[in-house]
Amino acid sequence: MGAQKSVHAGKAKIDANVDFTHKLCAALRLPSLRSTGSPLSLIIGSLCIKHPNLFGGSEKLDVSWDKGLYDSNIIIAFRRPRPEWLSQKCFVIQHSFSPEIGVHGTPIDNFSRSGSGGVNLSRISVGLDRNEPATSDWSSTTSIKFEHVQIVNDSWRSITRDIDGFPLTRSGSPHDNMVVLKQESQYAKANDHSFYRFRMQIEQGIPILSKWLIFNKFKFIATKGVKLGPAFLLASLAGGSIVGDMAPYQAFAIGGLGSVRGYGEGAVGSGRSCLVANSELTFPLVCNAVIIL
């Protein structure tokens, strides 16, 4: 059961989308990965507020909130108008909360799924995004942000070690601080029979204070898809490496829908470096279904 509504308040637009998922989960008999103490925790949805002319000079303000059963993400973005041939700058404040499944997760259902094991990441970031003018195939984004990452359990209490006694942060305290300079480039090209996409990301931790993390992280993913009659062949190669200070939650995790199917996220392994290659061949299925109410 859900509801979706758009409201215009002056020049601002408010989009709300709320979905009561507890009945859906009960119907599918999905086991709860952790106990939920409030009925609000069983609601997923999104809320978006957009103002196209905040101070009368075409300044844009976007506020969005997305909530899942076990995670949430709040973004506040402010943009000043600039010509299209110049880079677009955006001031961003973001808070995200998500279970740490990839590295500290615990296996469920013979490693086909993973639970958080009571470890969650609460991340606050403040900084500036700069989007370069896109060409026909290439796009590029540069950002510099301050990040505060805190580790909490399911009761929102700060913790420093997981259930096996392993540390959860690089600093040893319940949180890590860092300033991250990030460069991300993407190439995409597609036609009626195939597509190709390549994305590369480089992150540099800047040690403004001695206790802040200093590191260099590089990762990439290349994907190629080809249509073979009614079938579709998809191949991908992904990898990366990190040098310097590494918090456990920054490690590369292998397993899950995005890497190795049949395993939970991070169930195959995790570490400073990784290289994963996979391919899939899909066929369309035609079936007729009759639903009697």
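1. A quick term before anything else: a residue is buried under 20% relative accessible area, exposed over 50%, and partly exposed in between, using a 1.4 Å probe and protein chains only. Keep in mind that this is a predicted model, where local features need pLDDT of at least 70, side-chain atom pairs count only at pLDDT 80 or more, and totals for chains, interfaces and linings use all residues. Residues are numbered from 1 along each chain as its sequence is written, and side-chain values use heavy atoms, leaving out hydrogens and water.

2. Now the overall picture. The protein chain has one helix and 17 strands, taken as DSSP runs numbered from the N terminus (helices are H or I, at least four residues; strands are E, at least two). Of its 293 residues, 28% count as buried.

3. Look at S58 in the loop between β3 (43-51) and β4 (60-67). S58 isn't a glycine, yet its phi is positive, at about 65 degrees. Is S58 buried or partly exposed? S58 counts as partly exposed because its relative accessibility is 41%.

4. W156 is another one to check. This residue sits in the loop between β10 (138-152) and β11 (175-190), and its phi is near 65 degrees, again a positive value in a residue other than glycine. With a relative accessible area of 52%, W156 is exposed.

5. On to the inside. A nonpolar core here is a set of buried Ala, Val, Leu, Ile, Met, Phe, Trp, Tyr and Cys residues joined through side-chain atoms within 4.5 Å. The largest such core has 19 residues, and V149, I151, M178, F215 and Y249 touch the most other members. β10, β11, β15 (252-254) and β17 (273-282) each supply at least two residues of this core.

6. What does V149 touch, leaving aside its neighbours within four places in sequence? V149 is in contact (heavy atoms within 4.5 Å) with L121, S122, R123, P174, H175, D176, M178 and Y249.

7. Y249 turns up once more, at the largest pocket: with Q201, E203, K217 and K219, Y249 is one of the lining residues that lie nearest its centre, out of 46 in the lining. By class, that lining has 17 nonpolar, 17 polar and twelve charged residues. Here Ala, Val, Leu, Ile, Met, Phe, Trp, Tyr, Cys and Pro count as nonpolar, Asp, Glu, Lys and Arg as charged, and the others, Gly among them, as polar. On a 1 Å grid over the protein atoms alone, a pocket is an open set of points where a 1.4 Å probe fits, with protein on both sides within 12 Å along at least five of seven lines; lining residues have an atom within 4 Å of a point.
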